[in-house]
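Hi,

Here is the structure I said I would pass on. Have a look at it first, and then read my notes below.

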Amino acid sequence: MTITVLKAGKPEAERAEDDAKVRGVVEDTLKDIETRGDAAVRDLSAKFDKYEPESFRLSTSEIEAAMSKVSARDMEDIKFAQVQIRRFAEAQRASMTDIEVETMPGVVLGHKNIPVQSVGCYVPGGKFPMVASAHMSVLTANVAGVPRIIASAPPMNGAPHPAIVAAMQMGGAHEIYVMGGMQAVGAMAIGTQTIKPVDMLVGPGNAFVAEAKRQLFGRVGIDLFAGPTETMVIADDTVDAEMCATDLLGQAEHGYNSPAVLLTNSRKLAEETLVEIERILEILPTKETARTSWEDYGEVILCDTYDEMLTVANGIASEHVQVMTDRDDWFLENMHSYGALFLGPRTNVANGDKVIGTNHTLPTKKAGRYTGGLWVGKFLKTHSYQRVTTDEAAAEIGAYGSRLCMLEGFVGHAEQCNLRVRRYGGKNVPYGTAAE
């Protein structure tokens, strides 16, 4: 049994150095926003986006004006995508029910799923306007019942991006801002003179946005810690090199540091995919980005067995995992660490990212070991409650509670229980002692 790395990416140590450089910039920026509020946001917008509007929040007329610039075909496509995403989100929401159960006579326990009260949704712009991110965050929060949803995206060519504004508005955003990067995330979480802070931040972004969310976590909730997009193709000889190469490079074009990994038990497929990647990189319009990403972060790993492939895949815990083998369902049953699975050659990550209905905000940097991606449940808080309805139950539970509190040395805790034993059970428990 052998695992052979035919192509390796940057060492982890070099990636950590890159992260450290970002960390200091973000820390200083967030302090500036906290100190100067709107003035800091305006300075950052002018510096990074060359955008200095009278107000960063779009008015109703500005939203309508932006949406009027979206072609009929694009508007129909946005509507179609939102229908698919809403259907799946609603089915997920329906699976989350409030419960109430009587665990013993007179003891009633339950939980309620309560929406987060305000959410800030960041939609990336930059080289690629991420229209789909508006569906994934705004619309999903809307299905969850969040009463205040604000959304922000950077300007494109000095103006709001029409399709992003349309997606935000149609998804149910209550406030729409034209702000990018760290200043958007910081303003929504910290608040300014004109922006009321939110309780939670969601949405993908570049390394600076991801780091800002990490530093703001605790002050606000976040959906997850997200880094550059990642993709893994798990394939055997049931598919060909063109499909593997296309699916790898389709995600490598995201940015200069997007890991793409081929995991296979076929040396022939591995070698042919390396050749095919070079062919496609000659004709791909986004080849400058994709090539750098592939050369620095691309990997090809050859295994002897499917069990080895499974072990390696779970260890890497990639964000997107495309499975194209003669046993896709076996991988579905046995994989436990990933962002999302894309099963079979008819399925692909791009459809998952844009239109099929699942959410594309997913865990990266091995976070799939302990969390899933953004979904309607991320916007809901499950709160428990309890009620004791009879004297007998109050006395019985109280006696157990009294003894367990005294076992731990918490006399004041025990007295909470003892009071109920005395009052509802009619027993004389001396102060500061355990109930019999």
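**What I found**

Let me start with a single spot: right after helix α7 comes Gly191, and its phi is positive, near 90°. Keep in mind throughout that this is a predicted model.

Helix α7 itself covers residues 181–190, and 10 of its 10 residues are buried, so the rest of the structure largely encloses it. If you want to click through them, the buried residues run from Gly181, Met182, Gln183, Ala184 and Val185 to Gly186, Ala187, Met188, Ala189 and Ile190.

Zooming out, the chain is divided into three pieces: domain 1 (15–223 + 377–382), domain 2 (228–373) and domain 3 (390–435). Taken over C-alpha atoms, the centres of domain 2 and domain 3 are 58 Å apart.

Next, the annotation. The UniProt record, an unreviewed entry, puts the feature "binding site" at Thr229, Gln251, His254, His320, Asp353, Glu408 and His413. These positions are spread over 185 residues of sequence and also spread in space, with up to 55.5 Å between C-alpha atoms. Which of them help line the second largest pocket? From this set, Gln251, His254 and Asp353 do.

Two of the histidines are worth a look:

- His254 sits in the loop between α9 (241–252) and β10 (260–264). Its relative accessibility is 30%, so His254 counts as partly exposed. Apart from neighbours within four places in sequence, His254 is in contact with Phe128, Met130, Thr229, Thr289 and Asp353. Thr229 and Asp353 are also on the UniProt list.
- His413 is found in helix α16 (residues 411–425). With a relative accessibility of 40%, His413 counts as partly exposed too.

Last, the cysteines. How many disulfides does a search of the whole structure find? Zero. Take Cys244, which is in no disulfide: the nearest cysteine sulfur belongs to Cys303 and is 14 Å away. Cys244 has 0% relative accessibility, so this residue counts as buried. Cys405 is in no disulfide either, and its nearest cysteine sulfur, that of Cys417, is 4.4 Å away. Why does that pair not count? A disulfide here needs the two sulfur atoms within 2.5 Å, and the sulfur of Cys417 is 4.4 Å from that of Cys405. Cys405 is buried as well, because its relative accessible area is 15% and the cut-off for buried is under 20%.

Cheers

Note on methods
Residues are numbered from 1 along each chain as its sequence is written. This is a predicted model: local features need pLDDT of at least 70, side-chain atom pairs count only at pLDDT 80 or more; totals for chains, interfaces and linings use all residues. Side-chain values use heavy atoms; hydrogens and water are left out. Buried means under 20% relative accessible area, exposed over 50%, partly exposed in between (1.4 Å probe, protein chains only). Helices (H or I, at least four residues) and strands (E, at least two) are DSSP runs, numbered from the N terminus. UniProt positions are given in the numbering used here, feature names are shortened, and annotations may be inferred rather than shown by experiment. On a 1 Å grid over the protein atoms alone, a cavity is a set of points where a 1.4 Å probe fits but cannot get out, and a pocket is an open set with protein on both sides within 12 Å along at least five of seven lines; lining residues have an atom within 4 Å of a point. Contact means heavy atoms within 4.5 Å. Domain bounds come from an automatic or database domain assignment.
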